[in-house]
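Reader: Could you take me through one part of this model up close? I'd like to look at chain B, its sheet and the side that touches chain A.

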Amino acid sequence: MNNFNSTNRERRFKAHVSALGTTQLHLRNPYIIAWWSAAFPGFGHLLLSKYLRGYALFLWEILVNNMANINLAMVYSFTGNIELAKEVLEPRWMLLYIPVYIYAIWDSYRTSVDMNKVFLLAEHENADFNSYTIGAVEVNYLDKRRPIMAIVWSLFTPGLGQLYIHRVLTAIFTMSFIIIFVYFSNLLVATHYLFLGEITQATQVLDPQWLLFIPSHVGFSIYDSYVNTVENNKLYESEQRKFLKEKYQQSRVKIPVTVDEVK
Amino acid sequence: MQIFSTFEHSSYLELAITALEKVGVKKENILAVPLVNRVEERRLFDTLHRADGISLFDKGAAIGTAFSVIGASVGFVLEWGPIFWGLIGAASGFVLGFMIDYIIYKVVHKRTRVVKGKKADVVLVVECPKDLVEKVEELLWEHLALGVAKVEG
């Protein structure tokens, strides 16, 4: 059950609260969004709440990167083993990588510029939007949450920060893939070796191809949950201001004066 | 009597208004004025009640991630291994990005006046008969009003 039905007179909405999450437009720096697409195709689009293309690009990245050994070649290149890098790159897959990678960056940049304009128009129109939903499986409403807690939980497990602010779609996706990355990269086994002080063994056990997915994944999860917590809080304030202005502004303050003071 | 109070934006404000209506204050006698607050000094991190639109977090997160990827890669041939170098990369990249934003917002776009402490977002004025005054004041305080004052009227 929702608290709002469109009257079809609105032109643009700036937000929508649904069982799966709070979707909202807000001003974004297009370069930052483009950067996240460069770090991992799909992340830019996930930040813009464009989940289907975000997922598509993300899955594409994992498939093609793994088949072409892009991450492995990056490790060899950064460590100066250019010959090894050339050797591991798989020619049957490698050139597939380039167009889609560039597209993800370009499209997320373009979309954020566009959506910033849409936001300014929607903000000016300030139409009512669905701000509360309750149903058999979920309750979602506008609320204020602590940005720092979103960071802390995302650091512990990427995706928990998103769960904290009810960004269910990103949370499920991020949490599923961190399991896959951690498992195939042997990250936790290496961590155990580090605790035992065996650094060489820790390095040996790591799989560089899978390990290199993790920094972007964690970074994205922290950034996405932090930014959206802040923006959700702002949305809450803006909705409350509108509510107060509409419902509680009939009364006027009369300055009390006594007869003596007037003279 | 008029009772003035100030609040931050939060659910407590709406709880306070509901509680007032429950004890018999009429809707027409409640005036809520959301303030446009002064642009304050840039803060390092946004908090529950403050967000200034420019986050000193953007570049830190971006550069931190980039350095972490490079650190983890190069770490395979360094003594400390990829995990430590990945973490070192992340931390140093974050600090670097943060410093860049910090310099841009604190030094280049310097803001002079500093507002510290809690700030009032909404002024709430309640017009009520004398016998309700005590109850209304108590309810306002209970729901985390920042300040409450009454004026004879």
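Author: Sure, here is a walk through the sheet of chain B, followed by the contact with chain A. Keep in mind that this is a predicted model.

Let's start with the sheet. Chain B has an open sheet of 4 strands, in the order β2-β3-β1-β4, and the pairing is antiparallel. At the edges sit β2 (30–34) and β4 (147–151) of chain B, each of which pairs on one side only. Ignoring direction, neighbouring strands of this sheet are turned by 15° against each other on average.

Now go across the sheet, beginning at the β2 edge. β2(B) and β3(B) are antiparallel and share 5 bridges; on this seam, B:Ile30 stands opposite B:Val126 in β3(B). The next step is from β3(B) to β1(B), an antiparallel pair joined by 6 bridges. If you want a spot to zoom in on there, B:Thr6 stands opposite B:Val123 of β3(B). Then comes the step to the other edge: strand β1 (residues 2–7) of chain B runs antiparallel to β4(B), with 5 bridges between them. B:Ile3 has B:Lys150 in β4(B) as its bridge partner.

While you're at it, have a look at the two faces of strand β3 (residues 122–127) of chain B. B:Val122, B:Leu124 and B:Val126 make up the covered face, while B:Val123, B:Val125 and B:Glu127 are on the uncovered one. As a rule, side chains in a regular strand alternate between the two faces of the sheet.

On to the neighbour. The contact between the chains takes 43 residues from chain B and 45 residues from chain A. On the chain B side, the elements giving two or more residues are β2, α2, α3 (81–108) and β3. α2(B) provides the largest share of that side, 11 residues. By class, the chain B side divides into 24 nonpolar, 13 polar and 6 charged residues.

So what does α2(B) pack against? Helix α2 (residues 58–74) of chain B meets helix α13 (residues 213–247) of chain A, their axes coming within 9 Å and crossing at roughly 165°. That angle is over 145°, so α13(A) counts as roughly antiparallel to α2(B). The crossing is right-handed. From α13(A), the contact uses A:Pro215, A:Ser216, A:Gly219, A:Ile222 and A:Tyr223; from α2(B), it uses B:Ala61, B:Gly64, B:Thr65, B:Ser68, B:Val69 and B:Ala72. Sorted by class, this helix contact has 6 nonpolar and 5 polar residues, with no charged ones.

Conventions. Residues are numbered from 1 along each chain as its sequence is written. Chains are lettered from A and ligands numbered from 1 in the order in which they are written. This is a predicted model: local features need pLDDT of at least 70, side-chain atom pairs count only at pLDDT 80 or more; totals for chains, interfaces and linings use all residues. Axes are lines fitted to C-alpha atoms, for helices over the stretch in contact, and angles run from 0 to 180 degrees between N-to-C directions. Angles under 35 degrees count as roughly parallel, over 145 as roughly antiparallel, 65 to 115 as roughly perpendicular and the rest as oblique. A crossing is left-handed if the near helix is turned anticlockwise from the far one by less than a right angle, and right-handed if clockwise. Two residues are in contact if their C-beta atoms, placed from the backbone, lie within 7 Å. Ala, Val, Leu, Ile, Met, Phe, Trp, Tyr, Cys and Pro count as nonpolar, Asp, Glu, Lys and Arg as charged, and the others, Gly among them, as polar. Two strands pair if DSSP finds at least two bridges between them. A residue is buried if 20 or more other C-beta atoms lie within 10 Å of its own, exposed if 12 or fewer, and partly exposed in between; C-beta atoms are placed from the backbone.
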